[in-house]
Structures are given as C-alpha cells and as structure tokens.
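Me: Can you walk me through the reasoning behind some of the labels people put on a structure like this?

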Amino acid sequence: MTTTEPTPNPFQSARVLLKELQEKFTVFGEFQPLAIGIDKQLFAQIPDVSRKTLRTAMGIHTNSLRYLKGMEKATVRFNLDGSQADEVTDVHRSHATTTLKERFKKNADQRKAQRQAEETQRKAEAAKKQAEEADRLRADKLSQLAEKFSRKN
C-alpha cells in the first residue's frame with residue numbers, strides 16, 4: 001500500500017526558507033539592501049535549496065514593507081557576510097518609493113471601499129428597522145381599529 005505525501009505548498013516552503021535566512025544572515029534579518037546577484041551567494045552557501053523556493057523567498061523579502069522602506073533611503077547594498085557591495089542607484093530608490101506609494105494608495109482605497117460598504121450596510125439595516133417599525137405601527141393601528149369597530153356591533 002503506497003501513501004502519497006501531500007505536495008508542500010511552495011509559498012509556505014518559501015516562507016520557512018525566508019525565516020531561516022533571516023535567522024542565519026544579518027542582512028536578511030535587518031532587512032538591509034541586498035547585493036545584486038545575492039542569490040548566487042546563497043546557492044554557494046546552501047547548494048541543496050530549490051531555485052524556485054529561493055526565488056519566491058527572495059520575492060517575499062524584497063517586496064516586504066520593511067525592505068522597501070530601507071531601500072528608499074539606502075545608499076549601499078550588502079553581501080551575505082555583511083560587507084558592503086555596490087551602491088543603491090536612484091532608479092532602485094525611486095522604484096521602492098513608487099512601490100510603497102502604490103501599495104499605500106491601494107490599501108487606502110481598500111479601506112475606503114470597506115468603509116463605504118459598511119456605511120451602505122448600516123443604512124440598509126436602519127432602513128429595514130424603520131420599515132419594520134412602520135409595519136408594526138400600522139399593524140397596531142389596524143388592530144386598534146378592528147377592536148374599536150368590533151365593540152360597536
């Protein structure tokens with residue numbers, strides 16, 4: 001009888017790898033700007049790592065809020081050992097700034113849409129309660145009238 005093990009979620013595996021990288025390498029743990037081609041340094045240190053998993057982990061890391069905020073103000077990139085590598089170009093700094101602005105705008109738009117949806121729902125609930133109250137008052141009035149006219153007979 002053969003059992004098939006579930007296929008690991010590549011995104012989850014990348015998160016586990018990223019956590020390990022952040023614990024093992026200061027440049028990851030402190031979200032310092034990474035040297036261009038640092039993946040080659042990583043493959044040299046961890047040869048058995050999956051390229052796909054590493055690339056996914058790197059994408060998660062370099063698109064994180066902390067990394068992008070660091071890139072906005074950074075002037076130099078770092079190697080795995082913490083030594084300085086090349087400079088951070090204006091293009092890369094402005095890319096980080098643009099990405100952050102877009103992300104903040106998207107989040108603000110989502111919050112605004114959420115607030116509008118909640119307001120619409122609140123108004124709908126208030127209108128429903130008002131209609132229910134009007135129906136109740138109408139039913140009470142009809143009941144009172146029916147009672148009044150039924151006594152006269």
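Reply: Sure, here are a few labels and the values behind them, bearing in mind that this is a predicted model.

Me: Why are α3 and α4 called oblique to each other?

Reply: Helix α3 (residues 38–45) and helix α4 (residues 51–62) pack at an angle of about 130°. Angles over 145 count as roughly antiparallel and 65 to 115 as roughly perpendicular, with oblique for the rest, so α3 and α4 are oblique. Their crossing is right-handed.

Me: Which residues meet where α3 and α4 touch?

Reply: From α3 you get I38, D39, L42 and F43, and they meet R51, L54, R55 and M58 of α4. That contact divides into five nonpolar residues, three charged and no polar ones.

Me: What makes R93 and D90 a salt bridge?

Reply: Their closest N and O atoms are 2.4 Å apart, and the cut-off is within 4 Å, so the pair qualifies as a salt bridge. The two sit three residues apart in helix α6 (residues 90–152), which means about one helical turn separates them.

Me: How do you know whether D90 is buried or exposed?

Reply: D90 has a relative accessible area of 58%. Exposed means over 50%, so D90 is exposed.

Me: And why is R136 called partly exposed?

Reply: Its relative accessible area is 41%, and partly exposed covers what lies between under 20% and over 50%, so the label fits R136. E133, at 35%, counts as partly exposed too. Salt bridges with shared partners join E133, R136 and D140 into one network.

Notes. Residues are numbered from 1 along each chain as its sequence is written. This is a predicted model: local features need pLDDT of at least 70, side-chain atom pairs count only at pLDDT 80 or more; totals for chains, interfaces and linings use all residues. Side-chain values use heavy atoms; hydrogens and water are left out. Axes are lines fitted to C-alpha atoms, for helices over the stretch in contact, and angles run from 0 to 180 degrees between N-to-C directions. Helices (H or I, at least four residues) and strands (E, at least two) are DSSP runs, numbered from the N terminus. Angles under 35 degrees count as roughly parallel, over 145 as roughly antiparallel, 65 to 115 as roughly perpendicular and the rest as oblique. A crossing is left-handed if the near helix is turned anticlockwise from the far one by less than a right angle, and right-handed if clockwise. Contact means heavy atoms within 4.5 Å. Ala, Val, Leu, Ile, Met, Phe, Trp, Tyr, Cys and Pro count as nonpolar, Asp, Glu, Lys and Arg as charged, and the others, Gly among them, as polar. A salt bridge is a side-chain nitrogen of Lys or Arg within 4 Å of a carboxyl oxygen of Asp or Glu. Buried means under 20% relative accessible area, exposed over 50%, partly exposed in between (1.4 Å probe, protein chains only).
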